Every structure is written in structure tokens, then in C-alpha cells.
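Trainee: I have a structure open on my screen and I'd like to learn how to read it. Could you walk me through a few features?

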Amino acid sequence: MPKDFKRPFSTENPYKLVFVCLGNICRSPTAEGIFIHKVKEAGLENYFYIDSAGTSAYHIGESANSKSQATANKHGIHLPSKARCFEYADLEEFDLILAMDSENLSNIKQLDRKNRFEHKIKMMRAFDPTPDTGEVPDPYYGGLQGFENVFQVLERSCDALLEELQPHIKQ
Ligand code: 4NP
């Protein structure tokens, strides 16, 4: 049987997700903050381990971008991330690795030389009911409207993702 990113999970064996973008200061911290919020709202915080990372080292140690934070805060969501670099060990550690765009996807897959982890590497917008181009656009060099758009895309995608994973909770 082909491997699947969906597996039974519980509080003893939480499901581990990592959201990945380029800088780990805009898109993936927003996805992380939204997913943490949704999971808490559903009373499922002990069933998940949620993280984010970047494929570049440009912003290591930084908090989320101020426009990402302002946008998330407007929607009642806190972004707790400190930027770090995605690394090989993350391929082993996480159940699901979610790339924001095709460049992130390609960078992640380059670390997976033997294609051992293909089943757990997905595009975030594969879960978006209205996926448009299939990519979460990079808002870094643009205005606040771009950050709001990223938030909306990620909120829809996080809702659908949580709905897809929830039936796999082991009672
Ligand atoms: P992110 O956005 O990948 O969503 O965190 C970016 C942040 C920084 C840069 C590019 C994209 N940068 O070139 O420094």
C-alpha cells in the first residue's frame, strides 16, 4: 500500500505538521498561527505538534514580519514563530510538510534525495477549496492587501486541512 500522510494520532502520539516558506517570516508563520488557533478552538491542542520553517537562512531568529503580525492580530490570531531553516531532520520528524509555493516545494524535495518522504510533502493550497494558481503568493515586497490575501488563503486551507485530519484521531 502506498504511504499516506494521514495516520491515526492521539495525545500520546500527536500529529506533527510543519509549514514551510522561503523566509519563515510571512506565509509559514501565518499558517502556523492560524492552525494553532483552529486546533485550540476545536479543543485539540494536545493532539497536534505545529511548527514552521523557511528554506532560506535570511531571517533566522526573527519574529514574524510586522505586516503579517498586524494582519493576523486583526483577525484575533497571534504569531509565535521565530524563524528557522528547514533541514533534513524535519523530513524524518514531521508527518506533513506543507510548502507555500512551488519553489519551496522544490527546495524541500531536493533534501529528499532518495524520495523517502514524498508522501508527506504537499502544497498548502492542495487543501484550498479554491486553489487558484495552487501557490500562496509571496507578500514580502507588497502592501497590506497582499498580506490580507495570504491570510484568507491560509485560513481557508487550514480549515480544510483540519477537517481532513480530524477523522484520524484515535479515540
Ligand atoms: P516568506 O516571505 O517566505 O513568506 O517568509 C519572504 C520573506 C523574506 C524574503 C522573501 C520572502 N526575502 O527575500 O528576504
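Mentor: Let's go through salt bridges, the ligand site and a few single residues.

Mentor: Before that, some ground rules: this is a predicted model, where local features need pLDDT of at least 70 and side-chain atom pairs count only at pLDDT 80 or more, while totals for chains, interfaces and linings use all residues. Residues are numbered from 1 along each chain as its sequence is written, and side-chain values use heavy atoms, with hydrogens and water left out.

Trainee: Okay, salt bridges. How many does the structure hold?

Mentor: The general idea is that side chains of opposite charge can pair when their charged atoms come close. The cut-off here is a side-chain nitrogen of Lys or Arg within 4 Å of a carboxyl oxygen of Asp or Glu. By that rule, the structure holds 11 salt bridges.

Trainee: Can you show me one? Which residue does Lys-16 form a salt bridge with?

Mentor: Its partner is Glu-93, and the closest N and O atoms are 3.0 Å apart. This pair links distant parts of the chain: Lys-16 is in strand S1 (residues 15-21) and Glu-93 is in helix H3 (residues 88-93), 77 residues apart. Those element names come from DSSP runs, numbered from the N terminus: helices are H or I with at least four residues, and strands are E with at least two.

Trainee: And how do I tell whether such residues are hidden or out in the open?

Mentor: Use relative accessible area: buried means under 20%, exposed over 50%, and partly exposed in between (1.4 Å probe, protein chains only). Lys-16 has 25% relative accessibility, so it counts as partly exposed. Glu-93, at 38%, also counts as partly exposed.

Trainee: Let me try another. Where do Lys-38 and Glu-155 lie?

Mentor: Their side chains meet in a salt bridge, 3.0 Å from N to O. Lys-38 lies in helix H1 (residues 27-41) and Glu-155 in helix H5 (residues 144-165), so the pair ties together parts that are 117 residues apart in sequence.

Trainee: Is Lys-38 buried or exposed?

Mentor: Lys-38 is buried because its relative accessible area is 10%. Glu-155, at 24%, counts as partly exposed.

Trainee: What about Asp-128 and Arg-156? What distance separates them, N to O?

Mentor: Their side chains meet in a salt bridge at 2.9 Å. This pair also links distant parts of the chain: Asp-128 is in the loop between strand S4 (121-123) and H5, while Arg-156 is in helix H5, 28 residues apart. Asp-128 counts as buried because its relative accessibility is 4%, whereas Arg-156, with 31%, is partly exposed. Sharing of partners is another thing to look for: salt bridges of that kind join Lys-38, Glu-155 and Asp-159 into one network.

Trainee: Now the ligand. Which residues are around it?

Mentor: For this, a residue is near a molecule if one of its heavy atoms lies within 4 Å of it. Among the residues around the ligand are Cys-21, Leu-22, Gly-23, Tyr-58, His-59, Tyr-140 and Tyr-141.

Trainee: How do I read the finer contacts?

Mentor: Look at the N and O atoms. A backbone N or O atom of Ile-25 lies 3.0 Å from an oxygen atom of the ligand, and for a backbone N or O atom of Cys-26 the distance to a ligand oxygen is 2.9 Å. In the side chain of Asp-138, an N or O atom is 3.5 Å from an oxygen atom of the ligand. Taken alone the ligand exposes 360 Å², and the protein buries 93% of that; such areas come from the Shrake-Rupley method with a 1.4 Å probe, and for residues only the protein chains shown count as cover.

Trainee: What about Asn-24? Where is Asn-24 found?

Mentor: Backbone angles are worth a look here. Asn-24 is in the loop between S1 and H1, and its phi is near 60°, a positive value in a residue other than glycine. Asn-24 counts as buried because its relative accessibility is 0%. Asn-115, in the loop between helix H4 (102-111) and S4, has a positive phi of about 50° although it is not a glycine.

Trainee: One last thing: how far apart are the C-alpha atoms of Leu-91 and Leu-111, and how many residues lie along the chain from one to the other?

Mentor: They are separated by 8.3 Å and are 20 residues apart along the chain. Leu-91 is found in helix H3, and Leu-91 is buried, with a relative accessible area of 0%.

Conventions: A polar contact is a pair of N or O atoms within 3.5 Å; within protein, one must be able to donate a hydrogen and the other to accept it, and residues adjacent in sequence count only if both atoms are side-chain atoms.
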